[in-house]
Amino acid sequence: MPADTSIFQLLGVPLLALASAVWIVCAGRILRRRRYGEAARRYRNRLGALPRQPKQGPAVESVELSPAERDAFAGLVRQFDEGRS
């Protein structure tokens, strides 16, 4: 430790560096939070004009095929398979 330097001068630079690092971290968090809040607000405003979507889709419908219809469907599938080969 130099004789002509006070303890306050020696601690000044590390304390200034620490204060700068804390300030940068806090400013980054504030800016990130603000950016997220603006994006969420824009998202809400944009979708506010759209009608509400139903929570569930339409009911599943099924139809029983007769044996003749099953045979016709199997023939179509075979035709498609031959066309791809």
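This passage describes the helices, the solvent accessibility and the surface patches of a predicted model.

The protein chain contains 2 helices and 0 strands. Its accessible surface amounts to about 8,800 Å², and carbon and sulfur atoms account for 62% of that area. Of the 85 residues in the protein chain, 0% are classed as buried.

Helix H2 comprises 18 residues, from 67 to 84. At 1.5 Å a residue, a span of 26 Å is expected for helix H2, and the C-alpha atoms at its ends lie 26 Å apart, so the computed distance agrees with the expected one. Helix H2 is hardly covered, as the number of buried residues among its 18 residues is 0.

Helix H1 extends over residues 7–47 and includes Leu11. This leucine contributes to a nonpolar surface patch of about 700 Å², which is made by Ile7, Phe8, Leu10, Leu11, Leu15, Leu18 and Val22. The relative accessibility of Leu11 is 45%, and the residue therefore counts as partly exposed; this class lies between the limit for buried residues, under 20%, and that for exposed residues, over 50%.

A positive surface patch is also present, formed by Arg29, Arg32, Arg33 and Arg35. Among these residues, Arg32 is located in helix H1. Arg32 has a relative accessible area of 53% and is therefore classed as exposed, since the exposed class requires a value over 50%. Helix H1 thus holds both Leu11 of the nonpolar patch and Arg32 of the positive patch.

Methods
Residues numbered from 1 in each chain as written. Predicted model: local features only at pLDDT ≥ 70, side-chain atom pairs only at ≥ 80, totals over all residues. Heavy atoms only, no water. Patch = residues over 30% accessible without salt bridge, like charges linked within 9 Å, V, L, I, M, F, W, Y side chains within 5 Å. Areas by Shrake-Rupley, 256 points an atom, 1.4 Å probe, with all protein chains shown as cover. Salt bridge = Lys/Arg side-chain N within 4 Å of Asp/Glu carboxyl O. Helix = DSSP H or I, 4+ residues; strand = E, 2+ residues; numbered from the N terminus. Buried < 20%, exposed > 50% of the residue type's maximum accessible area, 1.4 Å probe, protein only. Lys, Arg positive; Asp, Glu negative; His and termini not counted. Charge placed at Lys NZ, Arg CZ, Asp CG, Glu CD. Expected span 1.5 Å × (residues − 1).
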